[in-house]
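Reader: I have a few "how do you know" questions about the chain shown here. Could you take me through the reasoning?

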Amino acid sequence: MGRTYLGEFEELVLLTVAILNGTAYGLAIAEDLKRRTNRSINLSGVHVALYRLEEKGFVKSQLGGAIAARGGRRKRLFSITAYGKRTLDELRQVRYDLWEAMPNLSLS
Amino acid sequence: MAKSPPTPLPPAWADQLLGVFCPSELQEELLGDLYEQFEQQVTQLGESTARRLYVWEVIRFCRPYLISRQLRALTANLTFNSSISFLPANMLRNYLKIALRSLAKNQVYSFINISGLAVGMAIAMLIGLWVWDELSFDRYYQNYDRIVQVAQHGTVNGETWTETNLPYPLATELKTNYPTDFKRVLKAWQIQDHIVAVGNDKLSLTGEFIESEAPEMLTLHMLKGTRAGLREPGSVLLSASAAKALFGDTDPMNKVVKINNAMDTRVTGVYQDLPHNTAFHEVKFFAPWDLYVSANPYIKEQGWVNNFMHVYAELQPNVDVDNVSTKIKDIHLKNLVGNTGQLAFNFQIFLHPMSKWHLHSGFDKQGNNTGGLIQYVWLFSLIGVFVLLLACINFMNLSTARSEKRAKEVGIRKAVGSMRGQLISQFFSESFLVVGLAFVLTIGLVAVSINWFNEVADKEMAILWTNPYFWLFSLGFILLTGLLAGSYPALYLSRFQPIKVLKGTFQVGRFASIPRKVLVVVQFTVSITLIIGTILVYRQIQYAKNRPVGYTREGLIDVRMSADDFYTKFDVLRQELMNTGVVYETAQSASRATELWSNNIGFDWKGKDPSVQADFGTLTVSPEYGKTVGWQFMAGRDFSRDFSSDSSAYVVNEATVRFMGLKNPVGQTIRRDGKPFQIIGVIKDMVMGSPFEPAYPTIFFLRGPLNWINIKIKPDVSAADALPKIEAVFKKVVPSAGFDYDFVDQEYGAKFADEDRISSLASFFAILAIFISCLGLFGLASYVAEQRTKEIGIRKVLGASVTNLWAMLSKDFVALVLIAFGIATPVSYYFLSNWLAAYTYRTDLSWWIFAASGAGALVVTLLTVSFQSIKAALLNPVKSLRSE
């Protein structure tokens, strides 16, 4: 694994982008995260994370169609890139290996 | 009428704030997300919570990542430009770093510098927006430069007046005889309020009856229907807001609208509301001229002697306004053949181009155009420039004051090999950094205060985020301010000789502080002038407001007789109103008490100088009028229903008696067009026109048109109790008309709108000017105190008291303020006596206004300076002397 740095929050956002599969945009991601993680998520944090991920090449984006509910503004739809997917896989592998390497401690 | 509740919108200023620190390419999606979230929260949590959360969310978007991305985008352009100019890009970074460090090191100075500049720039920007708004007036119309209003000058007894009321046949004459000059000539009625009804719902709407080509001429933007909509008789074009008010969300097209309970019209179009900075912006509907004529057939019988209607025109392309004006000058006069009374007015027709309607509509008593609002544009621009200058002066003063501290830095830089040009660049980049930071703050200040400013200035301005000129102008603004503020330190500090500075024998010359002192004097001259001006404007308004008006405004309301029923049922209405027990008296008159609509010639009396053309204000009233408004009699009696002879009687005001030169006016005869009338009473002058002008000679009589109902509420009954009862009577007696009333004291108060506006703006500017000046003074005082720390320590050791030291440190500044006062007094006296001269009824420039302003400035100066000098004087000498 090369030196890909992915912050914890960035990782959550990236995962959510992958989950939403094509319908991911700022607000949808924020709401999904809020629901799944039960933490308070704000829009600006999600957006900044998305732009960082895009600069690092983990996600790509395109502008979607306009909706009246948004005051006639378009949304930016994010989708995960192959590189992003591979990084997630690698991260999971690293975690998995770490879990495997953990001796079976009884902590009860 | 069903009206759907408006969809709640998040606060617009928050969106604008987001625009400041958010890269523009991201704004669409971010705002979209924010709106979507807002709408969800409105339904879940209610509007106010949603708004609060929205603002909070916007504020949280102020993140280092987004701001640095924004800055990167901005500097990408900046460094490109500077690499081709005298600033090498790599040095620029170094300069900025040093500038930032020096700002961070001297936080008090930085704060004073940046906030002072920001306040100054914010004012200049607000004024700039205001000036822009004024100068762009009417440019909305595509034919702006070809549209004119036909107007005329009339002259009597050597005095010329200017009016837009014209005789009926004039338009046809222009249209038929000058087709090469005029593309369109449109007859129109005065713009005024009308009762507009859909079914039983009534609204009072401002409207214009005008010929069918008006929508073409004004290039109305049609949302529904076409510009040809006015060609059909009985049609009406509604503005979008009027359509909304009358029909809600249903389609207004082809619906029936009744105007003034008489004219049935069909909606043939809806146009986009005209912007607030245009003529006709208050017009909510356009209706055909022919419709008005068919409802008022007397209009067609009017000849050349009666001036009552408006005429607008569009010139052919490439026709010169002044040439056409000269050509048509005598049309009115030429057609008055034989009518000696009217000939005596020597009417001269001219064209008033649209470009001058708003800012250049003032005419003097010789008929010359004297400007008008443009004077305020100049005045405020001047104030804006001055306030900006004050802020720049602070910056320059503080920079030069600190020069000694930075002299060593300059010396070392020079010794190491800096060229003078590089030092100049360095100081300029410092000043640009400060100005840049101040500009960011400025935008914030303006965004916060613009709503308030709009209210005071009666405007609907917004920061022109999307206007390229705005940004171009802002950039120019930053460059200019940066250059202005940075020039003095850059040129002055870079001149230091390294040897002298580094040897330690460097002394700033004896006269080095002279320019600084001059600048402080300039600041305080401006501040004191503004204070004097503010006090005087305020006094003048109070003076006019307290002027005896000759009648009683309190509890007096007026209602326009907007339906025929009023004329037939007035007696019933009056009786019913009196029966309510809350009404003291009810009367009718031709105009409301605060206005005088008609004046007439043709009066003759004993001892009249035949060479004088006498023109009197005339007002028809009903016999109870005097009792209703509370006339004050100087002599004689009021009209009475008991004397049938009162139908040929006059009540006159004092001004009339003076004008006619009557000794015992009561009982004398005045002839009007040959018929004799007897004066039965003389009243004190009623202020019916401008409260700043002497009362017009006015004659009151009984027979004639009556258009207004005046109602006086009993003094011991509150308006809140009385109005519902009065309204109930109106609903019962004249159900066809709405009860649309105005309070006379409010109408009277509205006469001061312009002056009130100037007063609040002037005090606003004055307070900020003195604030900025004091900020600078504060900085200078702290600098002087710091510089003289050792001296103060030694003096203290030798026995000087705190008072001695305070006096020593303060007296320099006091002297400067006194000099400023000496300059400000004659300067402001000159300008203000000119300003006052425009008012006939005016207060005087008493000496105490100057004294109070001077004393005020002195007190504020002492307070500012004392803080620093007492702090310095209280300092323990052990500390200040320890290091040597």
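Reader: What makes you describe residues 813-833 of chain B as helix?

Author: In this predicted model, the stretch 813-833 of chain B is 100% helix and 0% strand. Its end C-alpha atoms lie 30 Å apart.

Reader: And how much helix and strand is there in residues 470-493 of chain B?

Author: That span is 100% helix and 0% strand, with 34 Å between the end C-alpha atoms. Chain B as a whole has 30 helices and 26 strands.

Reader: Where does the label "transmembrane region" for parts of chain B come from?

Author: From a record: an unreviewed UniProt entry places that feature at several spans of chain B, including 376-398, 470-493 and 813-833. Such annotations may be inferred rather than shown by experiment.

Reader: Why does Leu398(B) count as buried or exposed?

Author: Buried means under 20% relative accessible area. Leu398(B) has 1% relative accessibility, so Leu398(B) counts as buried. This residue sits in helix H15 of chain B, which covers residues 374-401.

Reader: Which residues does Leu398(B) touch, leaving out those up to four places away in sequence?

Author: A contact needs heavy atoms within 4.5 Å. Leu398(B) touches Tyr109(B), Ile112(B) and Asn113(B), and also Gly776(B), Gly779(B) and Leu780(B). The C-alpha atom of Leu398(B) is 8.3 Å from that of Tyr783(B), although the two are 385 residues apart along the chain.

Reader: How many of the residues in chain B are buried?

Author: Of its 884 residues, 51% are buried. Among contacts in chain B with a separation of 6 or more, 78% join residues 24 or more positions apart.

Technical notes
Residues numbered from 1 in each chain as written. Chains lettered and ligands numbered in written order. Predicted model: local features only at pLDDT ≥ 70, side-chain atom pairs only at ≥ 80, totals over all residues. Heavy atoms only, no water. Helix = DSSP H or I, 4+ residues; strand = E, 2+ residues; numbered from the N terminus. Buried < 20%, exposed > 50% of the residue type's maximum accessible area, 1.4 Å probe, protein only.
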